[in-house]
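Biologist: I've got a structure here that I'd like to go through with you. Mind if I fire off some questions?

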Amino acid sequence: MADDIAAVTTAGEDERRLHELGYAQELRRRMSGFSNFAVSFTIISILSGCLTLYGYGMNTGGPAIITWGWPIVGIMTLMVGLSMAEVCSSFPTAGGLYYWAAKLAPRNGPAWSWFTGWFNFLGQVAITAGIDFGAAFFINALLNLVWGVSTAHWVTILIFAIVLLVHGIMNQFGIRLVALLNDVSVWWHIFGVLIIVAVLAFVPSKHASTTYVFTNIVNNTGWHSTLYVLLLGLLLAQYTFTGYDASAHMTEETRGADRSGPRGIVMSILVSLIAGWVLLIGITFAIQEQHYTLYTSALVPPAQIFATAIGATGAKLLLLVIIGAQLFCGMSSVTANSRMIYAFSRDGALPGSNIWHKVNKRTRTPTNAIWLAAAGALILGLPYLWNSAAYAAVTSIATIGLYIAYVAPTYLRLRLGDSFKRGPWNLGRWSYVVGWIAVAWVVFITILFMLPTASPIGWGNFNYTVIAVLAVIGFAGIYWLVSAKNWFAGPKVQGSAEELAAIERELST
């Protein structure tokens, strides 16, 4: 009885705070703090990002960057996440980053909000593409091992489209199903890592040496600068550490949002940092050095490592564990992406906003936004049909788009100084140190991941990240100058207390 009263009280406080921020409680607030953490942890998905870019790491730095890049990037990502969490506590709304930017900017709030939102939109669509694209690679590799299915690019794209379709359908069923599957996903990831590492530790008759795992550098990029190649190799870890803004986007569906949202961001990074490092070290010790060329030429290098280390049957079983995790991850990414689209459209910022912000009365989910997220992800992946570097480019786009959006509110919060009104979850006197480290790191990686990844540069390996980023800047900039600056005033207030109540009553009937 006491728990029921506490839950009702918390729900009332969450709803009151959302009304203060200007919005009605349109989405169902059914998620626990654990489920909020689970969404971000599932999207980070160490069994997705780590392994889908493992081959990139093998060519771009080798075992040394795979092993050491993870903790370096993880610690810097934690700085970014801590800064975001502090702002999330003050503004627990589904709009997340673009809403924060509008409220924190001392001047030109609508412009800051507009560009932050567009980068968040780009990053969210690209991260969904990267996750489900990676899942398609692994599914294709498994089908090839079992039935000899072709690994031609068009086959991978077809699988990619089917996976996106399934994730769109699953998200239509409502937040209860998504929350349940996310809770399951946490344990799937944890036990999956333990199983993979244990199998690779005890089954192979031979392991790589400690010196090889921690110090061996491989450069198959065509570039002659070892330092440059090692820096490029950081993409493996930095791409994996994305998507944790999902905890912010899900705050309108989370109980105790001003504390649960920030904790979800931080804990998802911390748990991933530890578990991901264990996973990468475990897989790298399983490398059979004489097969290195075979690994780097495979569609999915980890699958080939498993096959040479423990045999084809064992490799197939481990692939099933990984694919399950990746499917959980993609489902959660569509969820978070659709909520960002829903919120951004609710404030009129996307073309066709009236379509994308509609909520299904039965499931209380933004159905149209779900399908926009899936369609946008498919479009980003299509260049793989003619460009073998497309997957690396998609991951770079996701990383840059999201991190620019991540750090913009932090930069604005730092400029506000002591006038920033802290939420119940905050960093205290550490805000400024942590915040400026986060800003500096994001500036660095934004430049780094737009640079060429292979030499000589040609159409077959061109890193089109810079084109995608410039296209978003150009489109959003022109749209702003020609039209949006005249009508986009940042996040809208949906109405008075009575009008917000009326919106809620209509959805509940």
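Biologist: How many disulfides does the count come to?

Modeller: Keep in mind this is a predicted model. A pair of cysteine sulfurs has to sit within 2.5 Å to count. The sulfur of Cys 88 has its closest cysteine partner, Cys 329, 20 Å away, too far for a bond, and the sulfur of Cys 329 is 11 Å from its closest one, in Cys 50, so that's too far as well. By this rule, the count is zero.

Biologist: Is Cys 88 buried or exposed?

Modeller: Buried means under 20% relative accessible area. Cys 88 comes out at 0%, so Cys 88 is buried.

Biologist: Okay, on to the inside. Which helix gives the most to the largest nonpolar core?

Modeller: That core has 164 residues, and Trp 70, Trp 100, Ile 196, Tyr 244 and Ile 283 have the most contacts inside it. The helix that gives the most to this core puts in 18 residues, spans 109–147, and is α7. As for Ile 196, its contacts beyond four places away in sequence include Leu 47, Phe 306 and, also on that list of best-connected core residues, Ile 283.

Biologist: And on the surface, which helix has the largest share of the nonpolar patch?

Modeller: The patch joins Trp 154, Leu 158, Ile 162, Val 166, Ile 379, Leu 382, Leu 385 and Trp 386, with about 840 Å² accessible together. Trp 154 is exposed, at 56% relative accessible area, and its place is in helix α8. With four residues of the patch, the largest share comes from residues 153–172, helix α8.

Conventions. Residues are numbered from 1 along each chain as its sequence is written. This is a predicted model: local features need pLDDT of at least 70, side-chain atom pairs count only at pLDDT 80 or more; totals for chains, interfaces and linings use all residues. Side-chain values use heavy atoms; hydrogens and water are left out. Patches are made of residues with over 30% relative accessible area and no salt bridge: like charges are joined within 9 Å, nonpolar side chains (Val, Leu, Ile, Met, Phe, Trp, Tyr) within 5 Å. Accessible areas come from the Shrake-Rupley method with a 1.4 Å probe; for residues, only the protein chains shown count as cover. A salt bridge is a side-chain nitrogen of Lys or Arg within 4 Å of a carboxyl oxygen of Asp or Glu. Helices (H or I, at least four residues) and strands (E, at least two) are DSSP runs, numbered from the N terminus. Buried means under 20% relative accessible area, exposed over 50%, partly exposed in between (1.4 Å probe, protein chains only). A nonpolar core is a set of buried Ala, Val, Leu, Ile, Met, Phe, Trp, Tyr and Cys residues joined through side-chain atoms within 4.5 Å. Contact means heavy atoms within 4.5 Å.
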